[in-house]
Amino acid sequence: MKSFGQYTYPEISAQAEALNAALVQLQQQGDWVQKHLVDSETDETVFIGSGSSYYQALAMASVYRAWLGKSATAYPSSEVFLFREQTLPPNRNYLVIGVSRSGESTEVLLALEAVKPLPNVKVAGITCYEESSMAKLADCLVSPLGKETSTVMTKSFSSMTFLMHAAIAKAAGKQDQFEQLASVAQTDDQVVKAADAFIKPLVDENDFQKVIYLGMGTYYGIALEASLKIKEMSYIWTEAYGTLEFRHGPKSIVEPGTLVCLLLSEKARDYELKVAKEMREYGAFVLLVTAKAGEDTAFADAVFEVGGAEMSDDARTVLYLPALQYLGFYTAMKRNVDPDMPRNLTQVVKI
């Protein structure tokens with residue numbers, strides 16, 4: 001008899017290996033970086049994806065703007081092929097990068113097929129499957145160990161996000177950021193193990209009725225992904241917001257039994273901690289995922305340190321993911337549902 005989580009757990013646990021394989025792959029695909037990201041003719045780079053891949057696209061676009069200093073946006077794939085006038089207005093030159101674990105998502109394929117013939121559009125992609133339909137349609141970066149059996153994205157999300165961030169660092173000539181990413185790959189295994197040991201008892205000892213994820217900058221896309229992850233795996237009620245935006249109305253849903261998980265940046269640390277303190281006053285259980293704990297985080301109910309405080313927030317991004325993925329996994333196990341095969345979901349979405 002199949003046991004619950006037999007695919008999801010080892011896939012979360014294997015993401016450090018996938019990050020290191022991504023770095024090796026980037027060395028082999030250096031021409032991809034030069035061809036697509038070092039391009040003076042591109043006015044705007046548009047990252048597209050669906051579901052988790054769209055949240056990756058948001059994080060990728062954020063880092064692209066910060067490190068390359070050039071215009072970048074992210075859209076759901078369906079917006080590009082159904083509402084092209086709103087997403088790709090004329091008189092600009094675009095690079096459209098499809099993001100898809102499988103490379104088979106109907107929506108990303110339709111979007112790339114729709115825009116590829118346009119004279120002002122170039123297309124590329126990032127995937128885990130080098131023989132996929134998207135890889136045949138567009139020149140793709142490949143995360144070779146991101147392939148998964150489970151329906152939900154875990155190590156694929158981590159490794160593809162990491163791979164694109166490393167490619168952007170290379171294109172921008174930011175050796176310091178690239179070296180920080182290399183350090184992330186070296187320390188990720190320790191973070192994965194620590195996250196596993198930290199999250200399991202937190203879930204076992206508490207009964208959260210709803211979960212709110214908060215993040216800013218590049219961490220906003222990660223907060224959205226964390227919300228989707230626990231929803232997919234365990235069917236729990238959850239939402240995600242920009243940290244300070246949460247105070248403008250949505251905070252009315254906070255009450256005892258609410259877990260507020262804040263992905264704490266160093267850039268906005270003081271402001272974000274004010275929000276976290278306010279949520280705790282409303283009765284929320286506050287979990288901080290942060291580079292470092294300190295006197296200013298002592299008020300929180302739980303603090304998970306990922307390390308890397310000397311790094312930029314953007315370089316540190318994927319170190320936040322293991323704890324968030326394990327939170328979804330252990331919540332599913334506690335609720336006696338199988339995170340490998342969530343109801344109503346398939347690994348590849350086709351229309």
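The legends below describe an overall view and several close-up views of a predicted model.

**Figure 1. Overall view of the predicted chain.** The chain is built from 13 helices and 10 strands. Its C-alpha atoms fit a box of roughly 55 × 50 × 40 Å along the principal axes. The radius of gyration is 19 Å, which agrees with the value near 20 Å that a compact globule of 351 residues would have. Of the 351 residues, 58% are buried. When contacts between residues at least 6 apart in sequence are taken, 74% of them link residues at least 24 apart.

**Figure 2. Surface and charged side chains of the chain.** The accessible surface amounts to about 14,100 Å². Carbon and sulfur atoms account for 50% of that surface. Among the side chains, 32 are positive and 43 are negative. The centre of the positive set and the centre of the negative set lie 2 Å apart.

**Figure 3. Cysteine C128 and its surroundings.** The structure holds 0 disulfides. For C128, the nearest cysteine sulfur belongs to C140 and is 11 Å away, so the pair falls outside the 2.5 Å limit for a disulfide. A disulfide is a covalent bond between the sulfur atoms of two cysteines. C128 has a relative accessible area of 0% and is therefore buried. A further cysteine, C261, is also listed here; C261 has a relative accessible area of 0% and counts as buried.

**Figure 4. Close-up of Q56 in helix α4.** Q56 belongs to helix α4, which spans residues 52–68. Because its relative accessibility is 0%, Q56 counts as buried. Apart from neighbours within four places in sequence, Q56 makes contact with V99, M153, S156, F157, M160 and T161. One of these partners, V99, is 43 residues from Q56 along the chain, yet the C-alpha atoms of Q56 and V99 are separated by 7.6 Å.

**Figure 5. Close-up of T45 in strand β1.** T45 is part of strand β1, which covers residues 44–49. The relative accessibility of T45 is 0%, so T45 counts as buried. With residues up to four places away in sequence left out, the contacts of T45 are Y64, S71, A72, T73, L95 and I97.

**Figure 6. Close-up of N91 in the loop between α6 and β3.** Helix α6 (84–87) and strand β3 (94–99) flank the loop that holds N91. The phi angle of N91 is near 70 degrees, a positive value for a residue that is not glycine. Most residues other than glycine have a negative phi. N91 counts as exposed because its relative accessibility is 78%, and exposed means over 50%.

**Figure 7. Close-up of N336 in the segment after α13.** N336 is found in the segment that follows helix α13 (321–334). Phi of N336 is near 60 degrees, again a positive value in a residue other than glycine. The relative accessible area of N336 is 58%, so N336 is exposed.

Note on methods
Residues numbered from 1 in each chain as written. Predicted model: local features only at pLDDT ≥ 70, side-chain atom pairs only at ≥ 80, totals over all residues. Heavy atoms only, no water. Helix = DSSP H or I, 4+ residues; strand = E, 2+ residues; numbered from the N terminus. Rg over C-alpha atoms; globule rule 2.2 N^0.38 Å. Buried < 20%, exposed > 50% of the residue type's maximum accessible area, 1.4 Å probe, protein only. Contact = heavy atoms within 4.5 Å. Areas by Shrake-Rupley, 256 points an atom, 1.4 Å probe, with all protein chains shown as cover. Lys, Arg positive; Asp, Glu negative; His and termini not counted. Charge placed at Lys NZ, Arg CZ, Asp CG, Glu CD.
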